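Visitor: I am new to this structure and should be grateful for a short guided introduction. Please show it first.

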Amino acid sequence: MRFYGLALAMSALVLGACGGGDDAATTDTATTATPGAAAPAGAPAAGAAAAAAAVTGQVHEVKMVGDAQGFRFEPANLTIKQGDGVKFTMVSGGPHNVSFENVPDAAKAQLDANIPAAEKMSELQTRYYQNAGEEVTISFANVPAGAYNIVCIPHAAMNMRGVITVQ
């Protein structure tokens with residue numbers, strides 16, 4: 001049954017991508033980092049390679065859930081301080097991943113470098129997590145203040161989205 005659910009989810013994703021849809025529905029949650037915000041000291045210039053920066057503050061947990069209530073990040077919206085980390089934990093209804101969307105150029109290199117290499121699928125995306133208890137911690141050290149959109153690629157059509165706001 002799980003295979004059929006995944007096949008249905010993937011079909012919905014493909015059909016949603018091909019189906020025109022309402023642009024307003026996709027732009028309501030589209031927020032980006034504050035334009036013109038200065039990169040923190042030690043952050044690379046836009047387009048430059050960056051070194052991973054370790055968490056220097058608190059680690060916050062976001063659960064990745066899929067159940068009878070739907071697919072979601074819990075909490076979907078989280079405000080953290082620069083230097084904090086976010087631990088994404090697979091709870092149910094996988095596969096899940098974390099993908100950052102609409103990341104400003106000034107933040108891309110550092111945020112991408114802060115995703116552990118062993119957990120990375122591609123730029124600004126983690127691998128898929130299928131088993132309860134799997135997790136990844138992403139550091140927001142040296143990442144400019146702003147709002148960072150996250151989406152679970154397998155469940156994007158089911159609106160599994162959120163925002164991490166860095167102060």
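Guide: Helices (H or I, at least four residues) and strands (E, at least two) are DSSP runs, numbered from the N terminus. The model is predicted: local features need pLDDT of at least 70, side-chain atom pairs count only at pLDDT 80 or more, and totals for chains, interfaces and linings use all residues. Residues are numbered from 1 along each chain as its sequence is written, and side-chain values use heavy atoms, leaving out hydrogens and water.

Visitor: Which residue forms a salt bridge with Asp 105?

Guide: A salt bridge is a side-chain nitrogen of Lys or Arg within 4 Å of a carboxyl oxygen of Asp or Glu. Asp 105 lies in helix α3 (residues 105–113), about one helical turn from a residue three positions away. With closest N and O atoms 3.7 Å apart, the partner is Lys 108.

Visitor: Is Asp 112 buried or exposed?

Guide: Buried means under 20% relative accessible area, exposed over 50%, and partly exposed in between (1.4 Å probe, protein chains only). Lys 120, the salt-bridge partner of Asp 112, is partly exposed at 28%. Asp 112 has a relative accessible area of 16% and is therefore buried.

Visitor: Which residue in β10 is the bridge partner of Ile 80?

Guide: Along strand β3 (residues 77–80), Leu 78 and Ile 80 point to one face and are buried, whereas Asn 77 and Thr 79 point to the other and are not. Two strands pair if DSSP finds at least two bridges between them; β3 and strand β10 (residues 161–166) pair in the parallel sense over four. In β10, the partner of Ile 80 is Val 166.
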